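The following exercises ask the reader to work from atomic contacts to the arrangement of a chain. Each task is followed by a solution in steps.

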Amino acid sequence: MTNEIRPAADGKAVSGMGTARAWCVLAPNPSPMTLDGTNTWVIAEPGSSAVVVVDPGPADEEHLHRVLDAARAGDRHVAQIVLTHGHLDHSAGAARFAELSGAPVGALDPRLRLGTEGFGPGDVITAGGCELRVVATPGHTAASLSLVLTADGGLLTGDTVLGRGTTVIASDGSLGDYLRTLGELRSLADDAGLRVLLPGHGPLLSDPAGVLDYYIAHRQERLGQVRAALAAGARTPAEVVAIVYDDVDRSLWPAAEQSVRAQLDYLEGS
Ligand SMILES: [Zn+2]
């Protein structure tokens, strides 16, 4: 077994980064929310005749053909497509990629599935010749999943953990779920001996436990700031954002407002 990790370039996601069993094809959709673009992952045991493709990405014909070329290198075929969650930057190209590759689309959310019953938490996907274990990681969205790539000590995190910055809680997500998920992934980092996080956006992260500790501390710090802003008289989500996200680029304030709503919901419920 090789322990190869091919890192990102200068802290930016690039096609070809990954591990012995994971290969990134970077989609051409960079933005403040998607960082360098969506990372589409091609997963296979070296020498396997079949691969698993995680998050085909946006409906960009050239990107989907690049993914297909990477998947089919060495006479392989795509046996399974997996969606980490339903946001369009990960899923909009899934139906077209299923058509191009002939593979079914699996996800936790039944509405995202195509040609398969899908799978549930704890299921193991072996279609690529290596073990991918499904972990339910609700929070960013209600039906987000992550995948443990056992042989490489890797965790494909989708948008639950990003390669740079932190994740927002989408309108169909929940901060309470997200905090539980981060705690579970932190335990998993030790229990499964994780060595690398393979995120849905941004570079690989080679210190899973440290990154998860930071995510948990960051969430608690933000919650403390939101509590303080409320105590200081902020009444609306926008007023809380102007105080708490003072240090964040204003182009991200609409997303921050969504995050603040999630935090206010959480504080109200606790
Ligand atoms: Zn995304």
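**Exercise 1. A salt bridge within one helix**

Task: Determine how accessible Glu 257 is, and identify the salt bridge in which Glu 257 takes part.

Solution.
- Step 1. In this predicted model, Glu 257 has a relative accessible area of 24% and is therefore partly exposed.
- Step 2. The partner is Arg 261: the two side chains meet in a salt bridge, with 3.2 Å from N to O.
- Step 3. Arg 261, at 39% relative accessibility, is likewise classed as partly exposed.
- Step 4. Helix H7 (residues 253-269) holds both Glu 257 and Arg 261, which stand 4 residues apart, about one turn of the helix.
- Step 5. An α-helix has 3.6 residues a turn, so residues three or four places apart point the same way.

**Exercise 2. A salt bridge between distant parts of the chain**

Task: Establish which parts of the chain are linked by the pair Arg 21 and Asp 152, and decide whether each partner is buried or exposed.

Solution.
- Step 1. Arg 21 and Asp 152 form a salt bridge whose closest N and O atoms are 2.4 Å apart.
- Step 2. Arg 21 belongs to the loop between strand S2 (18-19) and strand S3 (22-26), whereas Asp 152 belongs to the loop between strand S10 (145-149) and strand S11 (154-158); the pair thus links distant parts of the chain, 131 residues apart.
- Step 3. Buried means under 20% relative accessible area. Arg 21, at 6%, is buried, and so is Asp 152, at 2%.
- Step 4. A further salt bridge in the structure connects Arg 6 with Glu 4, the closest N and O atoms lying 3.2 Å apart. Here Arg 6 is buried at 18%, while Glu 4 is partly exposed at 35%.
- Step 5. Over the whole structure, the search finds 12 salt bridges.

**Exercise 3. The zinc site**

Task: Name the protein donors of the zinc ion, describe the geometry of the site, and state which parts of the chain its histidines tie together.

Solution.
- Step 1. The protein donors are Asp 89 (OD), His 90 (NE2), Asp 159 (OD) and His 201 (NE2), at 2.0 to 2.3 Å from the zinc ion.
- Step 2. Along the chain, these donors follow the spacing D-H-x68-D-x41-H.
- Step 3. The angles among the 4 donor atoms run from 86 to 156 degrees, and the site is irregular. A tetrahedral assignment would require all angles to lie between 85 and 135 degrees.
- Step 4. His 90 is in helix H2, and His 201 is in the loop between strand S12 (196-199) and helix H5 (208-231), so the pair ties together parts that are 111 residues apart in sequence.
- Step 5. His 90 has 0% relative accessibility and is buried; His 201 is also buried, at 0%.

**Exercise 4. The buried side of helix H3**

Task: List the buried residues of helix H3, and find where they lie around the axis.

Solution.
- Step 1. In H3 (residues 94-101), the buried residues are Ala 94, Phe 97, Ala 98, Leu 100 and Ser 101.
- Step 2. Because these residues cover an arc of only 165 degrees around the axis, they are on the same side of H3.
- Step 3. Their packing partners are strand S5 (50-54), helix H1 (61-72), strand S6 (77-82), helix H2 (88-91) and S7.
- Step 4. Gly 102 follows H3 and has a positive phi, near 80 degrees.

**Exercise 5. Two threonines and an arginine**

Task: Describe the surroundings of Thr 167 and Thr 181, then turn to the accessibility of Arg 111.

Solution.
- Step 1. Thr 167, in the loop between S11 and H4, is buried with a relative accessible area of 2%.
- Step 2. The side chain of Thr 167 has a polar atom 2.8 Å from the backbone oxygen of Asp 159, and it reaches the backbone oxygen of Thr 160 at 3.3 Å. Asp 159 is also one of the protein donors of the zinc ion.
- Step 3. Thr 181 lies in helix H4 (residues 175-191) and is buried at 2%. Leaving aside residues up to four places away in sequence, Thr 181 touches Thr 137, Pro 138 and Thr 160.
- Step 4. Arg 111, in the loop between strand S7 (105-106) and strand S8 (124-125), is exposed at 75% relative accessibility. Its side chain makes a polar contact with the side chain of Asp 109 at 2.9 Å.

Methods: Residues numbered from 1 in each chain as written. Predicted model: local features only at pLDDT ≥ 70, side-chain atom pairs only at ≥ 80, totals over all residues. Heavy atoms only, no water. Salt bridge = Lys/Arg side-chain N within 4 Å of Asp/Glu carboxyl O. Buried < 20%, exposed > 50% of the residue type's maximum accessible area, 1.4 Å probe, protein only. Helix = DSSP H or I, 4+ residues; strand = E, 2+ residues; numbered from the N terminus. Polar contact = N/O pair within 3.5 Å; in protein donor to acceptor, adjacent residues only side chain to side chain. Arc of directions from axis to C-beta. Contact = heavy atoms within 4.5 Å. Donors = N, O, S within 2.8 Å, 3.2 Å for Na, K, Ca; no water. Tetrahedral: all angles 85-135°; square planar, octahedral: opposite > 155°, others 65-115°.
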